[in-house]
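Me: Please take a close look at one part of this model, the packing in the core. Then work outward from there to the rest.

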Amino acid sequence: MEVQRLSTDVVVIGGGGAACRAAIEVAQKGLNCILVDKGRPGRSGSTPCALWSIQAPFGSKGRDERDTPEQFFADMVNAGHFIGDQNIVEVVAFDACDRILDMERYGVHFKKEDDGRFYQTPMPGQTYPRSCFMIENGQHMSTVLAKEVSRHSNIKVFKDFFAYWLLKNKDSVIGLVGIDMINGKIIAINAKSTIVATGGYTSLWGFSDNPPTLTGDGNSMAFRVGADLVDLEFNQYYGTDLIWPPSVRGTVVLYELMIDEFADGEITDKDGVPVINKPLPIRDEAIKTIFNVIKEGRGTPHGGVYFDTTKSPKGEEAVRDVFKSMTPKHYQFLIDAAGIDLAKEPLEVAPASHYQCGGIFINEKGQTTVDGLYACGEAAGNFQGANRLAGSALCDTQTTGAAAGNWASKDSKSRELIPIDEKDLNEAIDMVRMITAPKTKKIKPLVVKTEILETMDKYVAPFRDEKGMKKGRFIIEDLKSQLKNLYAPDINKYNLEVSEAIEAKLMIDSAEYIFDSALFRTESRGHHNRTDYPQEDNKNWRCHTVIKNKNGTPQYSKKDVIYTRMKPQD
Amino acid sequence: MVNKKIKAKILRFDSDKDKESYFQEYEVEVDRPVTIHELLTMIRKDIDGTLAFRTYKCYKGMCQTCVVKLDGKTVKSCATQVPPNSEITLEPAGGGEVIRDLVVDFKAM
């Protein structure tokens, strides 16, 4: 199989907010960077799906002069149920404002008050309103960042590039292997530092509001080369994603817009009885409430609750204005794709898989536990804790992304390029070769992927128990034994079936780690809810669940949380 | 009871194998209007896994990655519904070089 070889100072895997910001930082430090994006630059990953909200404690330069980075820090630590590592929370909370100003310089539009202060909206869990408003949402942010990346001649971008293997030489990660989907070539990139910014694992679950490409590739790739993973049991569900009709399934409708300041509507059961109180709870509380309503048999015909603006005292026109000014694209999309005007009829919504709170373990510099390997953004794990605030995901892409880019650059300046271990590269090539090789038993990759999605939905949704998880785990084990039979015809150009086969292999690993982490933690906290251990157990479990790679076998243990300025009271 | 379906003629082309592009017809059973994105997903899942199209979804009709020519007119496949008992033609759109089938190499950001 033909392999193209490239080398660079820093290679970044990803194309969203964190990846672009890391690459920009590397370029500004004068180094060479290769960015490999699974899709189109500026239109791939979850960043384009985001709405307007990105947090930064601007204080008197924003909505409320009482807001400070210290307050943002405290809000994040509390929302995370005190298991976010605070050395990294410091980076997010204290760098947020500067990173927003960077974004403005690149060309992102933020809504401003008449006097030039940042317009900021309130969101649950924020002590003071702190969400800056990007008028044209996450898509605009992605396009602007991708444009900024393209301005740097020392960043080479590979689009439609599926990175699936981290290369290692002795104890260091020295680059990656991927498939150029456009022509089917395998490309090996040798780098002094590698930054994983692959986003989350949210599309391992069938009902997700993330694109199907978010299959947690970074987690599996990093684990295979020995990086510690952390807190994988905390998958943030977003409470109100459309569950019906199918053409708009997974589209977000913001429950945060139901407050008096905006639409003043209600989330109700099938009979129209409101089920969520105002002031609105943070996300883990909201989904718990919604799940209980559905479990008690009070759900809508398609298994959700109603997002109902029709009873708002403000009237249809005013409600329509709210959605047209806050989420215009979503409002129009519902009309185009499903013929629904959300100001006129209740929507059926339910919690969907939304954001990976855990991931690859890092320090405040973005360094993982393996030399040469960095992680940032959603792929990085140990700072959101058990739940995250609205607006902190986009914020963390820029803060942790810039930090990883900065420290990876410093590191790369002082090291020599370590060459590729040919045995390792051959293993990576074999992984692809085996998929198209003739075989007697052939299994379609999409069939395995679909079964993984169904198994995750059924057995490790926000409410889980030992019996169910063991069943799900068993199914994953069985699917693992079938991976060798995955088959795809040998097509060079845009071979989706080969990429699905590789995804299936990476997903099986991730699924295994998620189930075992959720089985390991015998308590409930944030987005990990065990119906067999329903209490939060601070005495035994105010800590991380960490997965270490011992000769290829995952080992699960507890790890202390790093506190800096906030220690738990008890 | 007659099953409702959508007949879709889709332009296929793999420059490694095909001298020129050709239409392949697929019949998909549906009982409700579906978006073109849904239809293509169903075809890949149940009929022909080799059909190439960009599976990415932004969930709000903004990213323009899913554009396709429906009966000669460029539309967003995620936001365009097709009713049962339709016969449609799908061709690649987007102004870039065709990589394979409905996947084009978008040059512009």
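Reply: A:V12 touches seven residues if we leave out those up to four places away in sequence: A:A19, A:A22, A:A23, A:C33, A:L35, A:I195 and A:A197. The model is predicted, so every statement here describes a prediction. A:V12 belongs to the largest nonpolar core, which has 210 residues. Within that core, A:V12, A:A23, A:I195 and A:A222 touch the most other members. Two of these, A:A23 and A:I195, are also contacts of A:V12 itself. Helix α13 of chain A, residues 496–520, gives the most to the core, with 14 residues. Domains contribute too. Domain 1 (241–353) and domain 2 (422–559) of chain A each supply at least three residues.

Now take A:S409. This serine sits in helix α9 of chain A, residues 392–413. Is A:S409 buried or exposed? A:S409 counts as buried, because 23 other C-beta atoms lie within 10 Å and the cut-off is 20 or more. Its contacts, not counting residues up to four places away in sequence, are A:V10, A:E25, A:V26, A:K29 and A:L31. One of them is far off along the chain: A:K29 and A:S409 are 380 residues apart, yet their C-alpha atoms are separated by 6.8 Å.

Next, two asparagines with unusual backbone angles to check. A:N137 has phi near 55°, a positive value in a residue other than glycine. A:N551 also has a positive phi, of about 55°, and is not a glycine. Their settings can be read in turn. A:N137 lies in helix α4 of chain A, which covers residues 137–150. A:N137 counts as buried because it has 26 C-beta neighbours inside 10 Å. A:N551 lies in a loop of chain A, between β19 (544–550) and β20 (553–559). With 6 C-beta neighbours inside 10 Å, A:N551 counts as exposed, because the limit for that class is 12 or fewer.

Chain A also holds cis peptide bonds that merit a look. The bond from A:W244 to A:P245 is cis, with omega near 0°. A:P245 is in the loop between β11 (235–244) and β12 (266–268) of chain A. The bond from A:K278 to A:P279 is cis as well, again with omega near 0°. A:P279 is found in the loop between β12 and α6 (283–295) of chain A.

Then the sheets. In chain A, three strands form an open sheet in the order β3-β5-β4, with antiparallel pairing. β3 (53–55) and β4 (120–121) of chain A each have a single partner strand, so one side of each is left without a neighbour in the sheet. Three bridges join β3(A) to β5 of chain A, residues 131–133. Across that pair, A:Q55 stands opposite A:S131.

Chain B has an open sheet of five strands. Their order is β2-β1-β7-β4-β5, and the pairing is mixed. β2 (22–29) and β5 (73–76) of chain B are the edge strands, each pairing on one side only. On average, neighbouring strands of this sheet are turned by 35° against each other, direction ignored. Inside the sheet, β4 (67–70) and β7 (87–92) of chain B run antiparallel and are joined by three bridges. B:V68 stands opposite B:P92 in β7(B). A helix crosses this sheet: α1(B) lies across β1 (5–12), β2, β4 and β7 of chain B. The angle between α1(B) and β2(B) is about 95°.

Finally, the two chains meet. How many residues of chain B are in contact with chain A? There are 29, and they are in contact with 37 residues of chain A. Four elements of chain B each supply at least two residues of the side that touches chain A: β3 (34–35), α1 (36–46), β8 (97–100) and β9 (103–105). α1(B) gives the most to that side, with three residues. By type, the residues of this side of chain B divide into 13 nonpolar, seven polar and nine charged. α1(B) therefore appears twice in this account, but simply as two listed roles: α1(B) lies across strands of the chain B sheet, and α1(B) supplies residues to the side of chain B that touches chain A.

Note on methods:
Residues numbered from 1 in each chain as written. Chains lettered and ligands numbered in written order. Predicted model: local features only at pLDDT ≥ 70, side-chain atom pairs only at ≥ 80, totals over all residues. Nonpolar A, V, L, I, M, F, W, Y, C, P; charged D, E, K, R; others polar. Pairing = 2+ DSSP bridges. Axes fitted to C-alpha atoms, helices over the stretch in contact; angles between N-to-C directions. Core = buried A, V, L, I, M, F, W, Y, C linked by C-beta atoms within 7 Å. Domains from an automatic or database assignment.
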